[in-house]
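Here are some short exercises to work through with the model open beside you. Try each task before reading its solution.

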Amino acid sequence: MLLVDRETMQNIDSYAINEIKIPSLCLVERAALSVMENINLDIRHSFALIVSCGNNGADGLALARNLLAISKDCDIYIIGNKNKASKDFIINYNACKNLTENIYSIETIEDMNFLRKNLDRVNTIVDGIFGTGLNRPVSGIYANIIDLINEKNIYTISIDLPSGFDANGENNYGSYVDSDLIVCMQILKKGLYEDNYFRDKTVVCDIGLPQIAIEKFVNV
Ligand SMILES: NC(=O)C1=CN([C@@H]2O[C@H](COP(=O)(O)OP(=O)(O)OC[C@H]3O[C@@H](n4cnc5c(N)ncnc54)[C@H](OP(=O)(O)O)[C@@H]3O)[C@@H](O)[C@H]2O)[C@H](O)CC1
Ligand SMILES: [K+]
């Protein structure tokens with residue numbers, strides 16, 4: 001079984017993008033579509049996509065775009081500073097803005113109260129807050145939102161990793177999303193494998209990272 005830690009996954013991603021010249025946006029699109037393939041669209045019609053502004057969030061917004069394209073009901077909640085957003089996030093955000101008005105920034109207590117109420121409209125939450133970029137304990141509004149997701153007991157899908165969970169399984173960063181399904185990109189992250197509570201909920205999906213990029217950093 002092929003496993004990677006956070007740093008190795010980041011090396012593979014960046015080698016594929018910077019050396020092999022695979023457009024990052026294509027990987028994000030594949031990631032989004034791989035999540036979509038794992039959603040039962042016959043029963044899931046209403047979604048809350050909760051994202052922050054990195055590429056885990058970009059995957060979430062690309063998924064929102066694809067769900068909106070087939071007329072699914074999507075509320076998009078954004079945490080963090082959009083001025084620091086990744087370019088793949090911004091591209092997908094601009095498209096989402098043209099497809100729905102239901103996009104909300106979550107910054108204040110009032111925003112949190114709105115989120116608490118509005119989440120009851122949906123039967124599916126998509127967690128695109130943190131993936132392999134998580135590198136320190138989760139605090140403030142991020143921790144509050146993760147706790148709220150868990151309180152709600154709504155079916156929740158995490159993109160790549162449950163937000164707040166350390167990809168390496170070494171650090172306790174505080175709150176993490178207690179997801180029902182984890183759609184992990186390309187290679188199983190070590191932390192997910194080592195704990196069968198997470199492993200049993202995880203599917204691993206190919207997003208088109210070439211074998212040559214993987215073999216550069218992992219003994220296959
Ligand atoms: N091109 C690619 O690399 C692809 C990645 N995929 C998906 O993207 C994520 C990884 O994306 P990345 O942008 O590297 O990071 P995250 O989105 O996981 O995190 C975003 C930023 O959040 C900050 N951060 C980290 N820890 C915390 C914390 N505890 N509290 C607040 N903020 C935090 C950090 O930025 P700083 O500058 O603040 O350090 C992160 O950069 C990967 O998991 C995949 O889902 C695509 O799937 C394919 C292409
Ligand atoms: K996530």
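**Exercise 1. Find which residues surround ligand 1 in this predicted model, and say which are the closest.**

Solution. Begin by collecting the residues around the ligand: in this predicted model, 27 residues surround ligand 1. Next, pick out the closest ones, which are Gly54, Asn55, Asn56, Gly131 and Gly133. Then ask which elements supply two or more residues to this shell: they are α1 (6-18), α2 (24-37) and α3 (55-69). Finally, sort the shell by class, which gives 12 nonpolar, 11 polar and four charged residues.

**Exercise 2. Work out the strand order of the open sheet, and identify its edge strands.**

Solution. Start with the order: seven strands line up as β4-β3-β2-β5-β6-β7-β9, with parallel pairing. The edges are β4 (103-105) and β9 (202-205), each of which pairs on one side only. Neighbouring strands of this sheet are turned by 20° against each other on average, direction ignored.

Now zoom in on one edge. Strand β7 (residues 181-185) pairs with β9 in the parallel sense, over four bridges. To locate this pairing on screen, look for Ile182, which stands opposite Thr202 in β9.

**Exercise 3. Decide whether Val220 is buried or exposed, then describe its surroundings.**

Solution. First place the residue: Val220 lies in the segment after α9 (211-217). Now count its neighbours. A residue is exposed if 12 or fewer other C-beta atoms lie within 10 Å of its own. Val220 has 7 C-beta neighbours inside 10 Å, so Val220 counts as exposed.

Which residues does Val220 contact, leaving aside its neighbours within four places in sequence? They are Leu2, Ile214 and Glu215. For a long-range comparison, take Ala85, 135 residues away from Val220 along the chain. The C-alpha atoms of these two residues are separated by 34 Å.

**Exercise 4. Judge how compact the protein is for its length of 220 residues.**

Solution. As a starting inventory, the protein has nine helices and nine strands. Its radius of gyration is 16 Å, close to the 17 Å that the globule rule gives for 220 residues, so the protein is as compact as a globular protein of that length. For the overall dimensions, the C-alpha atoms fill a box of roughly 50 × 35 × 35 Å along the principal axes.

Two further values complete the picture. Of the 220 residues, 43% count as buried. Among contacts between residues at least 6 apart in sequence, 76% join residues at least 24 apart.

Key:
Residues are numbered from 1 along each chain as its sequence is written. Chains are lettered from A and ligands numbered from 1 in the order in which they are written. This is a predicted model: local features need pLDDT of at least 70, side-chain atom pairs count only at pLDDT 80 or more; totals for chains, interfaces and linings use all residues. Two strands pair if DSSP finds at least two bridges between them. Axes are lines fitted to C-alpha atoms, for helices over the stretch in contact, and angles run from 0 to 180 degrees between N-to-C directions. A residue is near a molecule or strand if its C-beta atom, placed from the backbone, lies within 6 Å of it. Ala, Val, Leu, Ile, Met, Phe, Trp, Tyr, Cys and Pro count as nonpolar, Asp, Glu, Lys and Arg as charged, and the others, Gly among them, as polar. A residue is buried if 20 or more other C-beta atoms lie within 10 Å of its own, exposed if 12 or fewer, and partly exposed in between; C-beta atoms are placed from the backbone. Two residues are in contact if their C-beta atoms, placed from the backbone, lie within 7 Å. The radius of gyration is taken over C-alpha atoms; the globule rule is 2.2 Å times the number of residues to the power 0.38.
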